Amino acid sequence: MTGTAVNPLFRAAYLAKSSKQYVTLMVPWLCKSDQELVYPNNMTFSSPEDQETYIRNWLEERVGFKTDFRISFYPGKFQKERRSIIPAGDTSQFIPSKEADIAILEEPEHLNWYHHGKRWTDKFNHVVGVVHTNYLEYIKREKNGAIQAFFVKHINNLVARAYCHKVLRLSGATQDLARSMICNVHGVNPKFLEVGERIAAERESGEQSMSKGAYFLGKMVWAKGYRELIDLLAKHKTDLDGFKLDVYGNGEDSVEVQSAAKKLDLNLNFHKGRDHADDSLHGYKVFVNPSISDVLCTATAEALAMGKFVVCADHPSNDFFRSFPNCLVYTTSEDFVAKVKEAMTRDPQPLTPEQRYNLSWEAATQRFMEHSELDKVLSSNGDCASTSGNSVDRRMKKSASLPNMSDIVDGGLAFAHYCFTGSELLRLSTGAVPGTLNYNKQHSVDMHLLPPQVQNPVYGW
């Protein structure tokens, strides 16, 4: 239920809705032992088909239309230390060559850190990377973080150059990568805009819709803004006397976060995590989000869509939200106090039709089509350009021209990366999940694949 899982799902739905192209969403399949570590509320799926049914029902309940795109799965493994899912084997092999026209790599760095397989730009005519996460910010907080961040920074730039034609960064909070530009290509779940419209109508009729005060919602790990929140409230405990904040979240650092708040005697009320669209959250007037590790906080966009005030830090991750009058940006801890008091003592402004549209997935999809250059790619080859004949023709044209120096360098980087990721020893030395060079036996059973030893035989005497 993270933004990096949910947003690609919405993107697939709205790209397919435009009817300009056929869309397949690739989702990692986790074996049951990993599912139990990752999925909320002890949820597990016995087969990819079961998970697809759940995904579609969840999505269609929120978008309000029948989704017309295919869902396909690739093997993945969960890494406890990095709290991340890493692809197992060559993800590109699960995409038929006749359908390999345009690839959208959500989190291209993450997908390619240990990618050992066909080069995306060789298999696809146009490859777009969408950067969701400020990995360097998270890594710097770890032990030996500065050294790790140095290497990850260069690996990220390598994979962006070697595997993408175009890279879209959601905000300036992300690393500057080759062939990249900044553009928010995310929207909000339509349900949040509906909540905002309903609350605005209630206020016009004189009803008191927002009576609960302030809250914070996010996965309960220190890097999600909890450290900044506790530090701010502790520093200005006297200035914010009487200010209460409800906190919603589950996560690996729950015990430590709650213990720190209790030790400092902060006026925080902790609750279990819940969906931001839950009815119990509609009555809050102020969303406080001091995080500086986000790239573009989904919860901030959702709170604005519901017509709430948002108090957030002066940080590149919040640049897109600055134009909204209900977004109160603070620059110092003293300014934080002032913005909180301002939000608690007045009413937020209703969103204008233009502001609602800018938050929507329709607007986000339009921005994505324009800045990823998909409009040009599709128009140059006709609608639904994923037919095998067109793909072959375009590849032939591309290969007929002489490569320039940049192409040669990129090809060399890709080859070096391929050789490096083909060594299990080198993979493990850089923190890869053991056994992710290929998928395992359980993956082959769950996904009806050839056994690993048949798919990837070891030749020798």
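Which residue forms a salt bridge with glutamate 106, and how far apart are the closest N and O atoms? The partner is arginine 11, and the closest N and O atoms are 2.7 Å apart. The legends below describe this pair and other parts of a predicted model.

**Figure 1. The whole chain of the predicted model.** The chain holds 20 helices and 13 strands. Its radius of gyration is 23 Å, close to the 23 Å that the globule rule gives for 461 residues, so the chain is as compact as a globular protein of that length. The C-alpha trace spans about 75 × 45 × 45 Å along its principal axes. Of the 461 residues, 53% are buried. Among contacts with a separation of 6 or more, 68% are between residues 24 or more positions apart. The chain exposes about 22200 Å², and carbon and sulfur atoms supply 54% of that area.

**Figure 2. Charged side chains and the salt bridge between glutamate 106 and arginine 11.** The chain carries 53 positive and 55 negative side chains. The centres of these two sets lie 3 Å apart. Across the whole structure, a search finds 23 salt bridges. In one of them, glutamate 106 pairs with arginine 11. Glutamate 106 belongs to strand S4 (residues 102-106) and arginine 11 to helix H1 (residues 3-17), so the pair ties together parts that are 95 residues apart in sequence. Both partners are under the 20% limit for a buried residue: glutamate 106 has a relative accessible area of 16%, and arginine 11 has a relative accessibility of 2%.

**Figure 3. A salt bridge within helix H9, between aspartate 231 and arginine 227.** The closest N and O atoms of the two side chains are 3.9 Å apart. Helix H9 covers residues 226-235, and the two residues are four places apart in it, which separates them by about one helical turn. An α-helix has 3.6 residues a turn, so residues three or four places apart point the same way. Aspartate 231 is partly exposed, at 41% relative accessibility. Arginine 227 is also partly exposed, with a relative accessible area of 36%.

**Figure 4. A salt bridge within helix H12, between lysine 339 and aspartate 335.** The N to O distance in this salt bridge is 2.9 Å. Helix H12 runs over residues 333-345, and its lysine 339 and aspartate 335 are four residues apart, about one turn of the helix. Lysine 339 counts as buried at 18% relative accessibility. Aspartate 335 is buried as well, with a relative accessible area of 17%.

**Figure 5. The surroundings of alanine 343 in helix H12.** The relative accessibility of alanine 343 is 0%, and the residue counts as buried. Setting aside neighbours within four places in sequence, alanine 343 is in contact with Lys285, Val286, Phe309, Val311 and Leu328. Cysteine 327 is 16 residues from alanine 343 along the chain, and the C-alpha atoms of the two are separated by 9.6 Å.

**Figure 6. A network of salt bridges.** Four residues are linked in this network: Arg83, Lys219, Glu252 and Asp253.

**Figure 7. Helix H14 and the residue glutamate 373.** Helix H14 spans residues 361-371. Its buried residues include Trp361, Ala363, Ala364 and Thr365. Arg367, Phe368 and Met369 are buried in this helix too. Glutamate 373, just after H14, takes a positive phi of about 70°.

**Figure 8. Two loop residues with a positive phi, arginine 179 and histidine 448.** Most residues other than glycine have a negative phi. Arginine 179 is not a glycine, yet its phi is positive, at about 55°. Arginine 179 sits in the loop between strand S6 (166-169) and strand S7 (180-182), and is partly exposed at 33% relative accessibility. Histidine 448, also not a glycine, has a positive phi of about 60°. Histidine 448 is found in the loop between H19 and helix H20 (452-455), and counts as exposed at 66% relative accessibility.

**Figure 9. Lysine 441 in helix H19.** Helix H19 covers residues 441-447. Lysine 441 is exposed, with 64% relative accessibility. Leucine 296 is 145 residues from lysine 441 in sequence, and the two are 38 Å apart in space, C-alpha to C-alpha.

Notes
Residues numbered from 1 in each chain as written. Predicted model: local features only at pLDDT ≥ 70, side-chain atom pairs only at ≥ 80, totals over all residues. Heavy atoms only, no water. Rg over C-alpha atoms; globule rule 2.2 N^0.38 Å. Buried < 20%, exposed > 50% of the residue type's maximum accessible area, 1.4 Å probe, protein only. Contact = heavy atoms within 4.5 Å. Areas by Shrake-Rupley, 256 points an atom, 1.4 Å probe, with all protein chains shown as cover. Lys, Arg positive; Asp, Glu negative; His and termini not counted. Charge placed at Lys NZ, Arg CZ, Asp CG, Glu CD.
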